[in-house]
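Here is a short tour for someone who has not met this structure before. Have the model open and follow along.

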Amino acid sequence: MSGLQLTEFAKRPDIGMIGRPITIRANFFQITRLPNTIVHHYDVTITPDVPPVVNRRVFQQMIRMYSASDLDGTKPVFDGRKNIFAPRAFPFDSKTLEVTLPEDMIPQGVVPRRPPRSFRVKIRKAATINLEELHLFLEGKSSMSSNILTAIMLLDVLIRHQPAMLYTTVGRSFFTPGGKMMLHGGAEVWSGFYQSARPTIGKMMINLDVAATAFWQSGSLLELAVKFLDKRSIDDFRRGFEPRDRTRLEKAMRRLIIKVTHRGEIKRTFKITKITETPASRTEFTRDGDGTKIDVATYFFETYGRQLRYPFMPCVVTGREVYLPMEVCTVVEGQRIPKKLTVQQTADMIKFTTQSPHVRANRIRDGLKLLKYDDNEFLKDFGVKVATEMAEVQARVIPPPSISYHRSSRMANFVPKDGAWNLRDKKVAMGAMLGSWGVVVFGNEQELPRTIAEGFMRELIVTCVDTGMEIVNKQPPIMYASPQGGIESSLKAAWVRAGNAVKSQPQLLVCILPNIGVPLYAEIKRVSDTVIGIPTQCVQMAHTRNPKKQYCANVCLKMNVKLGGMNSFLSPQQTPFLTQKPTILFGADVCHPPARDENRPSIASLVGSMDSMAARYAATVRVQTARTENIADLGGMVVELLRAFYQTCGQKPERILFYRDGVSEGQFSEIVRTEVASVRAACQTLDANYRPTITFVVVQKRHHARFFPVRKEDTDKTGNCMPGTVVDTGIVHPFEFDFYLQSHAGLLGTSRPTHYHVLHDENRFTADSLQDFTYKLCHLYARCTRSVSMVPPAYYAHLVAARARFHSRSEKWSDTESTETSQSVPDESTYLAVRPELLRVMYFM
């Protein structure tokens, strides 16, 4: 079968050979027995409509009631929504069964009202799936079809069916509260396991990994409110409940499910819709009986004989305007926090989830014991058997490139060891000249005395000169400004002062920040990027008091590229793909608003290399409709960067290599159909006969593949695989062109390799040429002296999209909320364009 018939994407050209062969274990478990049988697929409708967790209970009860009589004793599996799969056909094509749930089978707190107990389950035959088709696909003899997709879905449902009946499930993961850890702000993190059925070369595998997610702390709602609002105790609210606190609490608690404790054995559950603006002692409602008004505190005393201990706290409002004092409410266990976590919570979460490769591998084995694939009655009934050991996979360690700095450096060319190096004895390849610049200290002279600020600037200037930059003005004017407001006028004043000091256009403002908070940083970047049009370099005040050489060197790397310099490069002989013909590298990403945010738009970014060394990039950005993954104006963005390339290099690129971040497998067809066409159309907009060859590669970090070296000599000092470890056999797609590359040295925990999947290839890459080139590029990330985990064009596109979030006029950023959450609601019209003079330099670094 030809490649064209087998897949719409690029077919694997060959297996890579470059590098030192090693053996690793991957967290994939082979499905060792998968019979060539027929599986029966049924569509199911459960009425009334209830959440999946209740659906599963209904399904369980249905099996108990009808398995022997109506279902022929078969053991079907259910996805919790619409699909049932059975290893043998039911004795009917369509049937409706009546199911009544016993009281003890109704899950606590999944619905706000009293859940129904009687259900109608309508089952209808949808299809038969011949698993032989799946085997042909795995062997590379059949293309992907809807039947094969359904067969893979069947295996996913089969391995998840039993855990979903026993544990709290979120997507493909299930979680247990055992070993949970408290997080800041009333949250707690639960550990669990992720599992997914994956087609690989010649076999199906189960990808099993550890998982963790944040849940609301169960128990007292009052205690949760105290922790969420970061108060010492409930007594802090006796003086009154701040409107801002109420708004924050309502935003967080909306849709939270609670139980009440004031009605004895009657454990009703409710869903919070809002929080009252008045305390329980002053929140009034009209009685049903006589139409008189009464406040909630008095009502509770008269009706339940209960004197409220905290009448100064607001009430929660549920359902049909039912008012409940917070002290009678408890939070139901197992409610996931859907919103992005705060900075503090994220830091705590990272501590909880960071595990060395050895510990993670053992946790995965614990998950295997918990899942008991070998003792699963449903797997047995389908004739499926799963291996009990992780798959051993052949990998290779690609050698690192030789990195070049300025020829006057004592170490002008060198090969890095273990994925990291430093700037000692090295000067940047092309140092920028800095003549007109200024410094803004956001704080007062008590917080940072002028002598200390001047001392830090002297150390920074010495480091910049040592690393090859030309600093003409070694005494930039320093001014102090309030961090609380008037940021735009402060920056404009600093810009004027810097220009007046040397009578020339300012090139850079150094901003010294008193904290790591988002609001000040966001406003500085909004003003400098979109209003003034000048690069800014932010530094933390804490680092200025005793400036370290390494810190100053890192700042210097960022300053140099923001001013149009070049830090390092690879010799032309090492990158023939870049140097044989004019070539542009694109990196693209789409950054979406947080979950449940219905107002903010998505942001699409594109960066393009501007020289034959892929060291300097230009950027462009667009705001588009929320949660659209396709880049709406990709054609216009490509035209913009192709023109910039032509103006910089004097020629049109003959080859395009496009790295696209942020695309899931389900979107591959749509992306390759629309975005490759957009790139091609953009080229023909410039010239009808302009047809460069295009290669389109999706870059994925959000996956659960992890690698564990078998031999100690193949590990780095953290126990991870060495930088340059590449896998293109064993656990990859049966026949499409994809590979895993771990290009960075591990710092904490278990390293995550990046997955590269080639969707379209007109440049006729071999496996070796693309893997080797991609790994070499990972050594050219401009703001650190390390090989990075993701190819720099995609990395830069991510930075550009994240920066553009700060460019809205109407955002009011908050430190207490997550880094992606603000106090106002901007729309597309409030986002300001980056000043054109910045788009040609790497302002986003």
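## Around T7

The side chain of T7 reaches the backbone nitrogen of F9 at 3.0 Å. A second link, a polar contact of 2.9 Å, joins T7 to E736, side chain to side chain. (A polar contact is a pair of N or O atoms within 3.5 Å; within protein, one must be able to donate a hydrogen and the other to accept it, and residues adjacent in sequence count only if both atoms are side-chain atoms.)

A word on what you are looking at: this is a predicted model, where local features need pLDDT of at least 70 and side-chain atom pairs count only at pLDDT 80 or more, while totals for chains, interfaces and linings use all residues. Residues are numbered from 1 along each chain as its sequence is written, and side-chain values use heavy atoms, with hydrogens and water left out.

Where does T7 sit? In the loop between helix 1 (3–6) and strand 1 (20–26); helices (H or I, at least four residues) and strands (E, at least two) are DSSP runs, numbered from the N terminus. T7 is buried, at 7% relative accessible area. Buried means under 20% of that area, exposed over 50%, and partly exposed in between (1.4 Å probe, protein chains only). Leaving aside neighbours within four places in sequence, T7 is in contact (heavy atoms within 4.5 Å) with F735 and E736.

## Two helices

Both helices below can be checked against an expected span, which is 1.5 Å times one less than the number of residues.

| Helix | Residues | Expected span | End C-alpha distance |
|---|---|---|---|
| Helix 18 | 668–686 (19 residues) | 27 Å | 27 Å |
| Helix 9 | 357–371 (15 residues) | 21 Å | 21 Å |

Buried residues of helix 18 include F668, I671, V672 and E675. Seen down the axis, the buried residues of helix 18 fall within an arc of 120°, so they line one face; the arc is that of the directions from the helix axis to the C-beta atoms. They pack against helix 17 (634–649), strand 34 (655–661), strand 35 (693–700) and strand 39 (754–761). On the other side, R673 and T685 are exposed.

In helix 9, the buried residues include P357, R360 and A361. They fall within an arc of 110° and so line one face of the helix, with H358 and K369 exposed on the other side. Just after helix 9, K372 takes a positive phi of about 50°.

## Cysteines

How many disulfides does the structure hold? It holds 0, a disulfide being a pair of cysteine sulfur atoms within 2.5 Å. The sulfur of C556 is 4.1 Å from the closest cysteine sulfur, in C464, which is too far for a bond.
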